[in-house]
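Got your viewer open and a selection box ready? Let's take a walk through this one, stop by stop.

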Amino acid sequence: MDDKEKEIINKLKRRISGLEKTLQIVTGYSGRTEKNLRQLFEVISGTMPVPMVITSKTGGLIFSNEKAQEIFGFSEKNFHKTDPSDLYEDSRDCDRFLKMNEAQGEVKGFAVTLKKADGSSFPASLFSRHILFEGQNCLLTVIYDLSEFRKEEEKRLALERQLRQTHKMEALGTMAGGIAHDFNNVLTVIFGRLELAMMMLSEESKAKHHINDALTAAERARAMIMQILAFCRKNEEENSPFPISTIIAEAAKMIRSLAPSNIETSLRINSKSSIVLGDPTQIHQVLMNLCSNSIYALQNREGLIEIILEQVSFGPREKITIPGLSPGTYVRLTVSDNGPGMDKGIIERAFDPFFTTKPAGEGTGMGLSVVHGIIQSHGGAVSVESQPGKKTAFHCYIPVIAETEGMTEPAIVQKTIQRGSETILFVDDESDIVDICSQMLESLGYHVITRNNGPDALSLFKENPNLFDLVITDKSMPVMSGITMASEMLKIRLDIPVILITGDRMEDNPLSEIGIRDMLRKPFSRNDIGAAIQKALHKKQEKEYDKS
Amino acid sequence: MNLEGDGYTITYKDNIITIFGKLSLMLEDYEELEDFFEEVIRTEPSEITLDIRNLEYLNSSGIKTICVSLILEADDIEDIQMKILCSNQYTWQKETIPTFEDLMDDMEIVFE
């Protein structure tokens with residue numbers, strides 16, 4: 001072997017040794033890098049708040065992070081022993097998911113219902129990609145738990161449904177209010193004609209019985225119109241402060257006496273001092289309507305109706321789930337029964353006017369609509385809780401305006417009807433109403449001059465203002481409203497008493513400030529209008545007496 | 001002499017090879033770098049400085065390429081002086097570069 005060959009051999013030996021050392025350097029480096037990457041993976045998968053699993057291509061679990069074990073309720077060991085199809089509520093979904101991954105290479109947003117160790121299920125969306133893990137072709141799947149999202153979505157949908165229902169009822173209310181106004185005009189004519197006919201008949205007349213029946217029917221129609229107006233919040237409200245507990249106690253007493261013996265009633269008042277602003281009669285009606293539904297629900301079975309009155313408060317930061325309520329203090333009137341309950345479909349329609357589950361002829365379907373209308377007109381809201389086979393509870397929230405130890409009971413005014421001989425100017429654009437009312441007033445002894453519109457009546461009044469002792473005018477008339485006409489007349493003669501008649505609700509105008517003495521809602525009886533006239537004339541006399 | 005790739009730049013000037021950026025190519029993609037080092041070695045410099053102070057990351061294939069195509073080839077040049085300038089801020093350099101001393105006698109490794 002010559003020197004050159006030896007040199008080449010030495011060079012090769014050196015190179016082989018160098019390559020061996022290089023191999024050591026590179027493998028050492030790779031080992032460290034591998035270890036670091038594994039650590040990184042474990043930290044990421046253990047820290048991330050999202051369930052993540054790595055499965056073989058056949059679905060067998062190879063790796064699961066802590067969040068996945070927590071959400072499925074398995075220990076790591078048991079989780080990995082689980083048959084993958086057992087994690088799906090519908091085991092066919094497992095196969096579908098794997099096939100989709102195979103076909104598309106990745107899956108985004110696979111909607112599925114997954115099953116936990118305890119057998120309960122939850123909605124989820126799966127996102128998956130192929131990866132190489134520990135030398136195997138695997139699937140990395142991230143599980144997006146949709147439970148909370150679904151809950152929020154359901155809440156949102158429920159609120160939307162309630163809002164739609166509120167809008168629907170408001171629209172119905174507007175329509176019903178218009179119809180009620182027209183019906184009141186018609187009823188005024190019917191009442192007037194019937195009363196006049198009755199006066200013309202002798203006590204022995206056979207027709208008197210029929211007219212009486214017609215008057216009773218007209219009364220029922222008036223009550224129904226009142227209910228419609230209560231529903232659409234277009235009736236005249238008393239709007240005075242009163243302790244609600246007194247009214248509830250009175251109404252509960254009445255319900256106790258009316259309920260059949262198979263039904264037990266219980267009353268719990270936890271809010272004796274709460275004062276609300278509104279109409280005690282309407283609140284009475286709310287409780288009567290709710291209890292009457294409960295009594296019907298409990299027919300032919302032993303049952304319990306619970307009435308609870310309590311004060312509740314909602315803070316400004318509190319999430320209020322009852323539409324229509326804002327932060328504040330309310331009394332909550334709850335009427336619950338252990339009847340058959342209601343399903344979702346009935347609950348959704350429960351407050352719809354004319355909706356009833358009672359057989360034909362047994363219910364008008366207005367009870368709960370009226371409750372809704374009354375509570376809303378008191379600035380509150382109604383909610384209902386019920387499930388088929390479980391108890392039903394209606395909660396009425398009414399704003400509390402004050403608290404006190406005791407309030408005086410509203411005084412009951414006894415109406416006395418007197419005849420008169422004064423001259424009355426009667427104005428209404430409905431000729432039927434003008435005709436009937438003038439006859440009714442004449443039958444009470446008054447001298448009546450009529451006009452069919454504001455300008456004519458005003459012109460007549462201007463000619464001889466002292467001719468009249470009283471003006472009775474319809475509120476809504478074309479060309480010139482009753483209020484405008486009355487204001488003009490009062491400019492001419494400040495002391496002229498004016499009574500306004502209307503078929504709908506009077507707005508909150510300060511009528512007394514513009515000089516209008518009283519307001520009468522159609523339909524009214526001869527007695528009603530007679531009493532209103534006496535009241536207006538009496539006030540005038542009091543004023544004259546004060547002046548003298 | 002320059003070599004530029006996705007995320008890295010390599011220059012050779014005045015016997016100094018400077019590498020910037022990150023090098024994480026597949027083994028077969030280091031061919032260009034091997035050719036670059038071959039060009040450097042062909043000039044038979046008396047000294048070579050490898051400045052990797054701004055080399056943020058180098059994968060195992062890159063380590064192999066530097067070891068075999070630069071250091072072992074340079075070792076064949078008689079009396080050559082090899083110096084590697086490293087940065088203390090990169091852990092991979094601190095862990096790996098000192099092991100390069102086994103490949104060549106009198107190699108100087110400087111950390112700053």
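Start by selecting Asp518(A), which sits in strand β17 of chain A. Keep in mind as you go that this is a predicted model. Is Asp518(A) buried or exposed? Its relative accessible area is 18%, and since buried means under 20%, Asp518(A) counts as buried.

Now show what surrounds Asp518(A). Setting aside neighbours within four places in sequence, you'll find Asp518(A) in contact with Val498(A), Ile499(A), Leu500(A), Ala532(A) and Lys535(A). Next, add Glu5(A) to the selection and zoom out. How far apart are Asp518(A) and Glu5(A) in space? From C-alpha to C-alpha it's 134 Å, with the two positions 513 residues apart in sequence numbering.

**Along chain A from here**

Stay with β17 (516–521) and step into the loop that leads on to α14 (526–547) of chain A; Pro523(A) is in that loop. Put the peptide bond from Lys522(A) to Pro523(A) on screen: this bond is cis, with omega near -5 degrees.

Another backbone stop in chain A is Val479(A). Look for Val479(A) in the loop between β15 (470–474) and α13 (482–492). Its phi is near 70 degrees, which is positive even though the residue isn't a glycine. Switch on the surface there and you'll see Val479(A) exposed, at a relative accessible area of 81%.

Now colour all of chain A by secondary structure. You should be looking at 14 helices and 17 strands. Of the 548 residues in chain A, 43% are buried. Take the contacts in chain A between residues at least 6 apart in sequence, and 66% of them join residues at least 24 apart. The accessible surface of chain A is about 29,700 Å², with 53% of that belonging to carbon and sulfur atoms.

**Helix α7 of chain A**

Select residues 244–258 of chain A to pick out α7, a helix of 15 residues. From first C-alpha to last, α7(A) reaches 21 Å, close to the 21 Å expected at 1.5 Å a residue. Show side chains and pick out the buried ones: Ile244(A), Ser245(A), Ile247(A), Ile248(A), Ala251(A), Ala252(A) and Ile255(A). Then turn the view so you look straight down the axis of α7(A). The buried residues fall within an arc of 155 degrees, so they line one face of the helix. On the other side of α7(A), Lys253(A) and Ser257(A) are exposed.

**Over to chain B**

Hide chain A for a moment. Chain B has three helices and six strands, and reading along its sequence gives you the pattern β-β-β-α-β-α-β-α-β. The C-alpha trace of chain B spans about 35 × 25 × 25 Å along its principal axes. Why call chain B consistent with a compact globule? A compact globule of 112 residues would have a radius of gyration near 13 Å, and chain B has 13 Å, so the two agree.

Buried residues account for 47% of the 112 residues in chain B. Among contacts in chain B between residues at least 6 apart in sequence, 69% link residues at least 24 apart. Its accessible surface is about 5,800 Å², and 40% of this belongs to carbon and sulfur atoms.

For a backbone stop here, go to the loop between α3 (91–96) and β6 (108–111) of chain B, where you'll find Asp106(B). Asp106(B) has a positive phi of about 65 degrees, though it is not a glycine. At 66% relative accessibility, Asp106(B) counts as exposed.

**The cores**

Bring chain A back. In soluble globular proteins, nonpolar side chains tend to be buried together. Here the largest nonpolar core has 42 residues, and those with the most contacts inside it are Ile17(B), Ile84(B) and Phe100(B). Which elements should you highlight? α1 (3–47) of chain A, along with β2 (8–13), β3 (16–23), α1 (31–42), β4 (47–58), α2 (60–75) and β5 (81–86) of chain B, each supply at least two residues of this core. The largest share, eight residues, comes from α2(B).

Centre the view on Ile17(B). Not counting residues up to four places away in sequence, the residues Ile17(B) touches include Phe36(B), Phe37(B), Val40(B), Ile48(B), Leu50(B) and Leu70(B).

For the last selection, there's a second, separate core of 38 residues; among them are Ala251(A), Leu290(A), Cys291(A) and Val370(A). You've already met Ala251(A) as one of the buried residues of α7(A).

Terms used:
Residues numbered from 1 in each chain as written. Chains lettered and ligands numbered in written order. Predicted model: local features only at pLDDT ≥ 70, side-chain atom pairs only at ≥ 80, totals over all residues. Heavy atoms only, no water. Core = buried A, V, L, I, M, F, W, Y, C linked by side-chain atoms within 4.5 Å. Buried < 20%, exposed > 50% of the residue type's maximum accessible area, 1.4 Å probe, protein only. Helix = DSSP H or I, 4+ residues; strand = E, 2+ residues; numbered from the N terminus. Contact = heavy atoms within 4.5 Å. Expected span 1.5 Å × (residues − 1). Arc of directions from axis to C-beta. Rg over C-alpha atoms; globule rule 2.2 N^0.38 Å. Areas by Shrake-Rupley, 256 points an atom, 1.4 Å probe, with all protein chains shown as cover.
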